[in-house]
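Biologist: I'm new to reading models like this one, so could you pick out the salt bridges and take me through them slowly? I'd like a close look at who pairs with whom, and then a sense of the rest of the chain.

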Amino acid sequence: MASIHSGKKSRFSTPMKFVSGTVNAAAGAVTGTVGMVGDVAGKAVDVATLGQLKTERTPPPEDPLWDMHRAAQPADEKVEAEKKLAKRRKIGGWIEDIEEYETDFRDRVTFLEYYLKDKFYGDWYHNAAVIFFTAISSWIVARFSGSILWLVIILACTSTYYRTSILRVRRRVRDDLARESALVKLETDAESMEWLNSFLVKFWAIFLPTLNGMVIEIANQTLSGIKAPSPIDSLALKRFTLGTKPPRIDLVRTYPKTEEDVVVMDWGFSFIPNDITDLTSRQLKDKINPLVELQVRVGKGVVSVGMPILVQDMALKALVQVKLKLITSFPHVQTASVSLLKPPYFDFVLKPIGGETFGVDMNFLPGLESFIKSTVDEQLGPMLYDPNSITINLEQIMSGVPNDAAIGVLAVTLYQGRGFKGGDSMGNTMDPYVKLSLNGGEELARTSIKRDTATPKWNETKILLISSLTDALTMEALDFNDIRKDKLVGTVTFPLAALEGNPEQENVAGKLIHNGKERGELIFDARFFPTLAGRTLDDGTVEPPPQLNTGILRFTFHQAKDLDLAAKKGFGSSGLNPYAVYNVDGKDVHTTKVMKNTNSPVWDEAHEILLTSKRSSVLSFSVRDDRDLSGSSTIASYKVKVDDLLASLEKGSDWVKLVPAGRARITAQFKPVAVKGIAGSGGYVPPIGILRFHCKSASDLRNLETVGKVDPYVRAMVNNYQKARTVTINNNLNPAWDEIIYATITSPNEKIALDVMDSEHDGKDRSLGELLINAGEIIKKNAAGEYVEFIDSVERTGQLIMPGRTPKGQLHYKVSFFPVLNCMDPEEIAEEEKAAAEAAAAAAAEPPSKNGGKKTVNGDKGGPLVNGDKPNPVEAAIPVDENGNQIEVPKPEPVKLKLGPEELVKYESGLLIFKVLEGSFSKSGVYVQIYFDDFLFPSYVSGRANGRKARFEEVGDGLIRELDWSKMHIRLTSKANSVRSDDDNVIASMTGSTLAHLKQGYNKPATLQFQTKEPGAINTLKMSFKYIPVLMELDPIESRLNQGFVRVSVLDANDLPAADRRGKSDPYAQFILNGEKVFKSKVVKKTLSPDWNEVFECAVPSLINADFVIKVYDWDMGPGDDDFLGAGKINLAGLEPMQNTPCIINLDGKSGQVRLQLQFRPDYVLRSIRGVSTFSGTLAVPGRVMTSVAGAPVKGVSAAAGGVKKGASFFRHGFKSSKDKTEDDSASVSTHSSSRQ
């Protein structure tokens, strides 16, 4: 072997050479060149990239101590710099030796570190790639007999990468540790704000004089409008200063672990001017103490004297928590909430008598200081003490909307109290009532007093206007006392933020808490109805809000001028003390402050009120004089309808003429609110027309179910409120409804949408997509300003859109618009007749004038009004501009027709408007439902009747297609969301002619009696009705003559095919309507001409579209299918009402005829749910609706079934058998389905 190896070249020589070279090169590089590689690579990179780094990196600061590359300094400057550096290191831990810092290995910037990003370091595959690169490179060098220099270069690259990677890992670890340490410090430690306190010391001396002047000016303006009690004549702020020592920020603590858009901080501040420990001698010499001097003038005129009330040496220390809610749009801070984490410390010196020299501090009186502090705690606690807070909506302020403007209506229904404790200590019984407020502030409403009970029942609904959902509803239960102060039983605090996700919360049990102890509970409902705003279109334009009759009116009496012209004779016209009284519908709602000695007062006081009927509401403003000599006499007034005032403001006219003289500036804004289920919220806006939606089908719907398919239906939405809906088709992604629904519309600016929903048995229904409809395309006016009819000529297909998800599914539909007849409302007719009668009476009572003896209603309009005249307020309410010039009157609207009830009912189609006034029921907790004709879902559902006697004052409407035949169904039910086919929850019901109800209660109350399930129970409902004709021609498919009940007499058949070997059959007939089996006849044995002579009746929803088929089978005994003998279609379109129509059906088999007799009885057929739900059957949860499918039989004559088993038949091969032997062989078949709603 030795000779062989010595004589020949080994085949393993090349790999061995590679291995040996690699090992030797690696060993040499590791032992002798690692240090050299780092220096060479580092210096090479420094030299190569020095110029680029200097140009791209951020330039160093001007401070020489921050200059890492500064030149050598002189000895004196160097010593001074080292002293400063030594001081700084004590604070920040800086490195003293700058030269050492320059060459620090950790901060050197290498070539790879500069050009490669962080993401290329640290991961395992990066390091694996470097190792692979090193091995492959070394192998290549060895393979091609490279020198050691190549290995040095390779090791230089890999060592540089390794060094850079380790540095980055260390830097990341160091940064993460520092960040986590900072977060822990933020949570546990508080920061000092010495830099800000130092700034305040210098800024306070500059800002204090300006602040003092602003406070005095604003305070005196406010005090001038305060009506002080006698004998005080006026109040004025003479002196105000906070002293020369500024407030101080003691600490700031931040909470990092909050939501991403929430910032929470604790701020501790103090204002203690008497603390002089930190003041210099110069500051002590110039120190000024805080002082507030209030001048109280007692008496009148020359016999009055001013008395100063001093407040000195105020001190305050508090810990405040500030919470900021961030948003993406400007101003990026939506709300700022402030609360006190603990009761603040405060102190002051009060000198009501004697002034600065002889005044005595009243706090020295025993018990006064503690009484004042406890009073402050009681007042501030419900508003500011944690968890309560005051919230400022910065977004609303920056947008120009008043901060106190209402954003919605809160309806609080107080049912009862339970287990009230802590009654009168003297042993008297409890007389509880509840007081409602926001954040424990001013009382907004209160309930009635319930005598001698600890379990009161109110069943009262209170309406509150809400300006922010960050507030808290405070309900205080008190025990009423006739003489002594009412005693607090307990307080319930309900955060309104809970209504954001669920705006209607029922049967809330709130615990009454007093002094930390539970004192009972309140049972109440809280429902929030937000104001409605216009939507922003795709092109950026904003549509106006919907025109509703119910909403919040905010009106402001800004100022008045020329009141001296309106002063009565006999009194001086100068030096008035005017104030204004706001009146809505005859009720005073607000009184402004009194302005002293002015004939041109400026109030700028706004007031908000919920209007349930804007159309009929009237505003009145009266300006009165507060002087003692004239009493509270009215010197000027103004009266106007709300609609007229808003219309005038839209034209830019906010100045009006007062009666008898003077001018005033008045503004108003109306925000619609869709309030439902509240007594008195029945404001109704007459619609401009009816929208007709023909929902044909949908395709490729989104499937939200894990198992099975969705149960879709379509609902018509107007301004995000459901107006109507189709029936549900269960378990179907391509439903075909072919159903027509209607929705009223009050303005062409309203948002119209068709929303496809998935019906859910448990929980809320889910949206499958929405389709917006452009109202401008279908609602148009002619040249005379009247709305015109629009009918879709072709079927539309729209894409269903879901926010945040990919569009999926299409809806196939048609839409039409039919305007209502422009006729006068009964109230308008009554007002017109009343105005005409008053005008005639005034004309008859007026003496002849100088112009030929002609009389006018409002007197001589050519001359000026004089004191004592009483002109017509409507005539005086003429819009004028600021200079008193009359505004041009707009063009009149189209003239309305004046029709009586006899003329109205001649119109076949129209809108029935009904007002539910009040009811008397046998049970409490009742809902009123109203249905019309064949609709499965109610046109109206009332609010919950809390007691057996309830007052609703709610308005609804329903389209009447054929007034002569229409039926109205009214039900009292215990469930608001039940449908017409659900009778389980019905307490009482009634069905009657719509025309009869209209005649009985047209524009007047009518009492309706109900049929009850319980014997002896009495249920009544008081309603009134109106009727507005709709200019539409009814489609024949919707007519009552197109639906009803068909009575089918199955007489006989002849010439049927033979199915047996003996030439006979055992025939029976089966009837299928719209795909559903509705009837099966008896089996007649061994005949080809059977005589059935059976009768059944079935409901047909549409004669025109009915698919009515008869199928004849040969009955077989055994598990096989029955033989099919033939089928034929029955045409129902030509049936005449209440006439017997003979009918012969030719079967499509080999031969055979069936003789029938049909009779059609027109009537409305209740729409029903179709299909079978995913979970129907034994495992299904019973739905709220159990309905027969369309066309299920009403009655039939059964027949016996029998016979022997038959042999095979050639008809089994010649005809397709479709009979399932598992079916019931009964004579009539009624198919039911359990469905989810």
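Modeller: Sure, let's begin with Arg554 and Glu608, which form a salt bridge whose closest N and O atoms are 3.4 Å apart. Keep in mind that this is a predicted model. The pair links distant parts of the chain: Arg554 sits in strand E17 (residues 551-561) and Glu608 in strand E20 (residues 602-611), 54 residues apart. Are these two buried or exposed? Arg554 has a relative accessible area of 10%, so it is buried, given that the cut-off is under 20%. Glu608 comes out at 15%, and that makes it buried as well.

Now look at Lys967, which pairs with Asp1163 in another salt bridge, with 3.5 Å between the closest N and O atoms. Lys967 belongs to strand E39 (residues 967-973), while Asp1163 lies in the loop between strand E51 (1153-1162) and strand E52 (1185-1188), so the bridge ties together parts that are 196 residues apart in sequence. Lys967 is partly exposed at 33% relative accessibility, whereas Asp1163 is buried at 14%. There's also a whole network to find here: salt bridges that share partners join Arg692, Glu739, Asp933, Asp934, Arg961, Asp1035, Glu1038 and Arg1167.

One more pair is worth a stop. The side chains of Glu521 and Lys511 meet in a salt bridge, 3.1 Å from N to O. Glu521 is in strand E16 (residues 517-530) and Lys511 is in strand E15 (residues 504-514), with their positions 10 residues apart in the numbering. Here Glu521 counts as buried, with 14% relative accessibility, but Lys511 is partly exposed at 42%. Across the model, the count comes to 50 salt bridges.

Let's leave the charges and turn to a helix. In H13 (residues 642-650), the buried residues are Val642, Leu645, Leu646, Ser648 and Leu649. If you look down the axis of H13, these buried residues fall within an arc of 160°, so they line one face of the helix. Just after H13 comes Gly652, and its phi is positive, near 90°.

For a contrast, try the surface. Phe132, Ile136, Trp139, Ile140 and Phe144 make up a nonpolar patch there, with about 550 Å² of accessible area together. Of these, Trp139 is found in helix H6 (residues 124-143), and it is partly exposed, at 39% relative accessible area.

Now zoom out. The protein chain has 19 helices and 54 strands, and 42% of its 1237 residues count as buried. It exposes about 66000 Å², of which carbon and sulfur atoms supply 56%. Among contacts with a separation of 6 or more, 68% are between residues 24 or more positions apart.

Finally, a word on confidence. The chain averages a pLDDT of 78, and 77% of the residues score at least 70. Two stretches to read with care are these: residues 850-877 stay under 50 and have 29 contacts beyond four places in sequence, and residues 1174-1237 also stay under 50, with 174 such contacts in the model.

Technical notes
Residues are numbered from 1 along each chain as its sequence is written. This is a predicted model: local features need pLDDT of at least 70, side-chain atom pairs count only at pLDDT 80 or more; totals for chains, interfaces and linings use all residues. Side-chain values use heavy atoms; hydrogens and water are left out. Buried means under 20% relative accessible area, exposed over 50%, partly exposed in between (1.4 Å probe, protein chains only). Helices (H or I, at least four residues) and strands (E, at least two) are DSSP runs, numbered from the N terminus. The arc is that of the directions from the helix axis to the C-beta atoms. Patches are made of residues with over 30% relative accessible area and no salt bridge: like charges are joined within 9 Å, nonpolar side chains (Val, Leu, Ile, Met, Phe, Trp, Tyr) within 5 Å. Accessible areas come from the Shrake-Rupley method with a 1.4 Å probe; for residues, only the protein chains shown count as cover. A salt bridge is a side-chain nitrogen of Lys or Arg within 4 Å of a carboxyl oxygen of Asp or Glu. pLDDT is the predictor's confidence in each residue, from 0 to 100. Contact means heavy atoms within 4.5 Å.
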